[in-house]
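User: Please take a close look at the charged side chains of this model, and then set them against the packing around them. I would like one connected account rather than a list.

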Amino acid sequence: MSSAEPRTKATTLPIILALALAFTVTVIDPLVLSLNLPQVSRALRVPPQAVGLLGGAATLVMASSVLAAGRLGDSVGLKRLLMQGLAVVTVADLLSVFSPGYGFLLAMRFLAGLGMTALLAVPLALLKVSVAPERRPVAIGGLLAVDVILCGVIPAFTGWAVAAVGWRFLFLIAPLLCLVSLWLTARHVPESPVQQGRRLDVVGVTLIGGTLLALVVGLAAAQNGILRPETWVPLVISAVVAALYVLHARRTQEPALDLTLFRSAPFSVALAATLTLNFLIAGLGIVLGQFGSVVLSLSPESVGLLYLPGTLLIAGAVILAGSLIGKYTPRPVMVTGLLVMAASGLLMAGTAGPTMAVWLLVPTTWMCNLGSVVTSASVSETVLSQAPPGRSGTMASVQMAFAMTGAAFGPTVYVLLLNFFFRRQWLVDAKSRGLSVARAGRAVDAVRSGLAQSPGSTVYDSNLLRQASGLDLGLDFAEGLRLTMLIVSILPLIVAVLAFLLMPRRKEPRA
């Protein structure tokens, strides 16, 4: 059976499972490390300034190289590249189990990130060439449903397992998923057509990676002051490198990111939607971690359990979304998903407070996750439907590049807004109590356990928070959070309007 022939239901299911497990590794592997980073840092005596790098090393590699992986998959074969990526992640994580120190583990995180780049870029592209077009939306829904279930169950289980047997257990999870995916891929997933002679735009990939890295660094530093050199210098560098890429793309026959793709309104809206949903999901994790521990005094395990309720309902919803996309168009599903994410942010903006009931965080988290996976299903179908023959890997990698960009910007921007509004609130609080700015500033500095330089790592000491002399910083923090959530909720509303106006209203006949 050639890769162009329709697949039967019997063969489609193991294909979906194989690709879903590979894709889920790119989420689960960094997530479980982030949730248990304090234990790893203490055990390996990681320098405080390097904790953020350790947690984000794999994600940074994926963000900077995913475009190259898509192009490489089209050139050497998507199935081949996926299996190699699965093998690399397996080896890197198994070696991480025996890490003698921080340096070794950091090297393994970079290696694992390199392997996960293939797992991020290839599964959706292989889904396009492995599943008949009329079944593809439902297959995308099934892939995302597996991802949702595993991402809901595994982090909660991991927290208890680490407490029982130690942090080294973290690095056994991804190899288990990889080995199952590797077996299913080898047996059931067909190879994609190979485009011989296609060049990898190394210069373009380097320029895009440099643009994103400098932008994230500049935004992260902005929380300490907009006019400081460590803020505006990276931002200027980012703008200059981006301009250089535009010039490079116009002169290159096969650029890493073909700017002519953005002439398609549905394609551009889909990329805006994937950037938005990943921005909001990543930012919500920062909000739940800080607000839950600082104001509500929740343990990390309790914060992780907020993602568990409703997991099966979300999985069912995304399968239904895939069916609706196949029957109608991605447009109504995308608009609905974005509106649900906006509603989640507005719910948090309306309810956050020092005395709020913890159960209110459950629908906020559930709605954000629901909206994100529903939107993601419509985005994937929109992008894949426009992929020319032999370029599925390239198109899928463009989608993932925007997804990783949103995930990188989310924590950075959320922290920037949260710090700005928090500062504004405690200044108002100090003025109402007759405290000088200097005295209030000393009180706030006293409750800060430290400001890490990596994006989204600001941490406040919850015990000292309640002891700040003359200030109610718990209320000030909550008010700052409410304003932050109100601001970021505007973004999905804007993209939903664009999707409603610019996405196709009728189903186009398939070629």
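Analyst:

**Charged pairs and their surroundings**

The count of salt bridges comes to four, and since the model is a predicted one, every distance below is a value computed from predicted coordinates.

One of these bridges joins the side chains of Arg-109 and Asp-93, with N and O 3.7 Å apart. Arg-109 belongs to helix H5 (residues 102–121) and Asp-93 to helix H4 (residues 78–96), so this pair ties together parts that are 16 residues apart in sequence. Arg-109 has a relative accessibility of 0% and therefore counts as buried, and Asp-93, at 0% relative accessibility, counts as buried too. The pair does not stand alone, for salt bridges with shared partners join Asp-29, Asp-93 and Arg-109 into one network.

Another bridge is formed by Arg-136 and Glu-381, whose closest N and O atoms are 3.0 Å apart. Here Arg-136 lies in helix H7 and Glu-381 in helix H15 (residues 361–385), so the parts tied together are 245 residues apart in sequence. Both Arg-136 and Glu-381 are buried.

The bridge between Arg-482 and Glu-479, at 3.9 Å from N to O, is set within a single helix. These two residues are three apart in helix H19 (residues 473–488), and are thus separated by about one helical turn. Arg-482 has a relative accessible area of 28%, which makes it partly exposed, and Glu-479 is likewise partly exposed, at 26%.

Which charged residue is buried yet has no salt bridge? That description fits Asp-147, for which the nearest side chain of opposite charge, that of Arg-109, is 14 Å away. Asp-147 has its place in helix H7 (residues 136–165), the helix that also holds Arg-136. What the side chain of Asp-147 does make is a polar contact with the side chain of Thr-24, at 3.2 Å. When neighbours within four places in sequence are left aside, the residues in contact with Asp-147 are Phe-23, Thr-24 and Val-27.

The nonpolar packing can now be set beside these charged groups. The largest nonpolar core has 107 residues, and the members that touch the most others are Leu-119, Leu-127 and Met-334. Helix H1 (residues 9–35) supplies the largest share of this core, namely twelve residues. Of the three well-connected members, Leu-127 is in contact with Ile-16, Leu-19, Ala-139, Ile-140 and Leu-143, once neighbours within four places in sequence are set aside. A second core, separate from that one, has 34 residues, among them Val-287, Ala-352, Met-356 and Leu-435.

Aromatic rings add a further kind of side-chain pairing, and a search of the whole structure finds five such pairs. In one of them, Trp-167 and Phe-171 meet edge-to-face, with 6.2 Å between the ring centres and 90° between the planes. Trp-167 counts as buried because its relative accessibility is 9%, and Phe-171 counts as buried at 2%. The rings of Phe-420 and Phe-421 have centres 5.2 Å apart and planes at 70°, so this pair is edge-to-face as well. Phe-421, with a relative accessibility of 9%, is counted as buried. Ring pairs also link Phe-262, Phe-267 and Phe-402 into a cluster.

Two partly exposed positions complete the account. Tyr-328 is found in the loop between helix H13 (311–327) and helix H14 (330–351), and its relative accessibility of 42% makes it partly exposed. Tyr-328 and Arg-505 are 177 residues apart in sequence, while their C-alpha atoms are 8.5 Å apart in space. Val-217, in helix H9 (residues 202–221), is partly exposed at 41% relative accessibility. The C-alpha atoms of Val-217 and Ser-238 are 9.5 Å apart, with their positions 21 residues apart in sequence numbering.

To return to the charged side chains, the buried residues Arg-136 and Glu-381 are joined by a salt bridge, whereas the buried Asp-147 has none and makes its polar contact with Thr-24.

Methods. Residues numbered from 1 in each chain as written. Predicted model: local features only at pLDDT ≥ 70, side-chain atom pairs only at ≥ 80, totals over all residues. Heavy atoms only, no water. Core = buried A, V, L, I, M, F, W, Y, C linked by side-chain atoms within 4.5 Å. Buried < 20%, exposed > 50% of the residue type's maximum accessible area, 1.4 Å probe, protein only. Helix = DSSP H or I, 4+ residues; strand = E, 2+ residues; numbered from the N terminus. Contact = heavy atoms within 4.5 Å. Lys, Arg positive; Asp, Glu negative; His and termini not counted. Polar contact = N/O pair within 3.5 Å; in protein donor to acceptor, adjacent residues only side chain to side chain. Phe/Tyr/Trp six-rings, centres within 6.5 Å; stacked < 30°, edge-to-face > 60°.
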